[in-house]
Amino acid sequence: MTTTLRTRIRDGDPDAFATLFDDYARSVYNHAFRLTGDWATAEDVVSLTFLEAWRLRARVDAEGGSLRPWLLGIATNTVRNTRRAARRHSAAMSRLPRDTAVRDFADEVAGRIDDAELLAAVTCALDALRRPEREVLALCVWSGLDYAAAADALGVPVGTVRSRLSRARKKLAAAVEKNTAKKNREPGRRRAQVRDGRTPAARPIQEGNR
């Protein structure tokens, strides 16, 4: 990111913003998906992020490096606002009369994924994190920002980023370990029964995509 391009963005040059979008839209999209887990919502977040970046363009310094941390910070705030709006919408919908439930095929599709148990463990672990911890994890681990860039994106001290990331890693490790141990204790994972003093040569084959 050159100083000239930063100046053009701050001055509201449409071509400069087009370049900014081309360079970082995919990064913003990936970051939004990691925070929301929903592709459609991530697409909305990308649009809202660049609209907000246009609105805040006067705050861009003329000198500096990549504007990626700045955009990811805006995206993080956009996700927060989107979630608040979704909660309000959900609360409003819950007050309406309920129609007959329609079967949701999402779980059935997920169940056909070879590593569905690992996916479930990771999802459970992420749900155990607080929002600030998920945000730091997404910025530092998935988006590859260093501590200083993540701190700048979130508007918090570097020490706060370090502590949040440390807590997030510990919680993830503990949650995955707990989930894995629970899976291993399930009846379906017990060893095959011994018949007549011998272990059956063949075991039932689990259906799936293997």
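The lining of the largest cavity in this predicted model comprises 5 nonpolar and 2 charged residues, with no polar residue among them. The residues concerned are R34, L35, L126, L129, R134, L137 and W142. Two elements, α2 and α7 (131-142), each give two or more residues to this lining. Helix α7 provides the largest share, with 3 residues. The volume of the largest cavity is about 30 Å³, and the structure holds 1 cavity of 30 Å³ or more.

The protein is built from 9 helices and 0 strands. Read from the N terminus, the order of elements is accordingly α-α-α-α-α-α-α-α-α. The protein has 210 residues, of which 29% count as buried.

Helix α2, one of the two contributors to the cavity lining, spans residues 14-36 and contains A32. The relative accessibility of A32 is 0%, and this residue is therefore classed as buried. A32 and V79 are 47 residues apart along the chain, yet their C-alpha atoms are separated by 7.0 Å. The range of α4, 68-94, places V79 of this pair within that helix.

Helix α3 covers residues 39-55, 17 residues in total. From its first C-alpha to its last, α3 reaches 25 Å, which is close to the 24 Å expected at 1.5 Å a residue. At the start of the helix, a side-chain oxygen of D38 comes to within 3.1 Å of the backbone nitrogen of A40. The buried residues of α3 are A42, V45, V46, T49, F50 and A53. Viewed down the helix axis, these buried residues fall within an arc of 125°, so they line one face of α3. The spacing fits a general property of the fold element: an α-helix has 3.6 residues a turn, so residues three or four places apart point the same way. On the other side of α3, L51 and R55 are exposed.

Helix α8 (147-154) also has a side-chain oxygen placed at its start, in this case from D146, which reaches to within 3.3 Å of the backbone nitrogen of A148. Buried residues in α8 are A149, A150, A151, A153 and L154. Just after α8, G155 adopts a positive phi of about 70°.

Helices α3, α4 and α8 each supply at least two residues to the lining of the second largest pocket. This pocket encloses about 480 Å³ of space. Its lining consists of 23 residues, and those nearest the pocket centre are W70, G73, I74, D152 and A153. One of these central residues, A153, is also among the buried residues of α8. The largest share of the lining comes from α4, with 9 residues. By class, the lining of the second largest pocket is divided into 8 nonpolar, 8 polar and 7 charged residues. In the largest cavity, by contrast, the lining has 5 nonpolar, no polar and 2 charged residues.

How values were computed: Residues are numbered from 1 along each chain as its sequence is written. This is a predicted model: local features need pLDDT of at least 70, side-chain atom pairs count only at pLDDT 80 or more; totals for chains, interfaces and linings use all residues. Side-chain values use heavy atoms; hydrogens and water are left out. Helices (H or I, at least four residues) and strands (E, at least two) are DSSP runs, numbered from the N terminus. The expected span of a helix is 1.5 Å times one less than its number of residues. Buried means under 20% relative accessible area, exposed over 50%, partly exposed in between (1.4 Å probe, protein chains only). The arc is that of the directions from the helix axis to the C-beta atoms. A polar contact is a pair of N or O atoms within 3.5 Å; within protein, one must be able to donate a hydrogen and the other to accept it, and residues adjacent in sequence count only if both atoms are side-chain atoms. On a 1 Å grid over the protein atoms alone, a cavity is a set of points where a 1.4 Å probe fits but cannot get out, and a pocket is an open set with protein on both sides within 12 Å along at least five of seven lines; lining residues have an atom within 4 Å of a point. Grid points are joined across faces, edges and corners, and a volume is the space filled by probe spheres set on the points. Ala, Val, Leu, Ile, Met, Phe, Trp, Tyr, Cys and Pro count as nonpolar, Asp, Glu, Lys and Arg as charged, and the others, Gly among them, as polar.
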